[in-house]
Amino acid sequence: MFSKTATGITGRYGYDGNLTGTVSDSTLAGAWTLGNASGRFQFTISPVCYTFAGTWGYGTDATAEPWTGYSVTYDHTGWARSTPTVPQARCASGSTWTGSW
């Protein structure tokens, strides 16, 4: 899970993984660590602002493998059936990476 801060994002994933990154419009880019391993990632938020897709890699490579996720801030259980209105309003407000992921 990661959350937006004033200057970017910070968070954890898995058992002992860490993420730090910066936001530019709909793109989030940064670094990850997991135990003794580390690397880079780059995510792009979806048009409805509650899922993301991107890539990650080891070292300076941020493009080796896919990585996807979703916002835990909003109820996304019906997203496959219809276009949600709350996340769209979130996109329109410019708060694309606000909340917890």
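This passage describes the fold of one protein chain, its sheet and the surroundings of one tryptophan.

The structure is a predicted model, in which local features need pLDDT of at least 70 and side-chain atom pairs count only at pLDDT 80 or more, while totals for chains, interfaces and linings use all residues. Residues are numbered from 1 along each chain as its sequence is written, and side-chain values use heavy atoms, with hydrogens and water left out.

The protein contains one helix and seven strands, where helices (H or I, at least four residues) and strands (E, at least two) are DSSP runs numbered from the N terminus. Along the sequence these elements follow the pattern β-β-β-β-β-β-β-α. Of the 101 residues in the protein, 33% are buried, a term that stands for under 20% relative accessible area, with exposed meaning over 50% and partly exposed in between (1.4 Å probe, protein chains only).

The seven strands form an open sheet in the order 1-2-3-4-5-6-7, with antiparallel pairing; two strands are taken to pair if DSSP finds at least two bridges between them. Strand 1 (2-4) and strand 7 (65-70) are the edge strands, each of which pairs on one side only.

Within this sheet, strand 3 (residues 17-24) and strand 4 (residues 27-34) run antiparallel and are joined by eight bridges, with threonine 20 standing opposite alanine 31 of strand 4. Strand 5 (residues 37-45) is likewise antiparallel to strand 6 (residues 51-58), to which seven bridges join it, and threonine 44 has alanine 53 in strand 6 as its bridge partner. These two strands, 5 and 6, form a hairpin with five residues between them, and cysteine 49 in the turn has a positive phi of about 65 degrees. Strand 6 is in turn joined to strand 7 by six bridges, again in antiparallel fashion, and threonine 51 faces tyrosine 70 of strand 7 as its opposite residue. The hairpin of strands 6 and 7 has six residues between them, with glycine 59 in the turn showing a positive phi of about 65 degrees.

Tryptophan 32 is found in strand 4 and counts as buried because its relative accessibility is 4%. Beyond residues up to four places away in sequence, tryptophan 32 touches several residues, among them Tyr13, Leu19, Phe41, Trp56 and Tyr58, a contact being defined by heavy atoms within 4.5 Å. A polar atom of the side chain of tryptophan 32 lies 3.0 Å from the backbone oxygen of glycine 57.

How values were computed:
A polar contact is a pair of N or O atoms within 3.5 Å; within protein, one must be able to donate a hydrogen and the other to accept it, and residues adjacent in sequence count only if both atoms are side-chain atoms.
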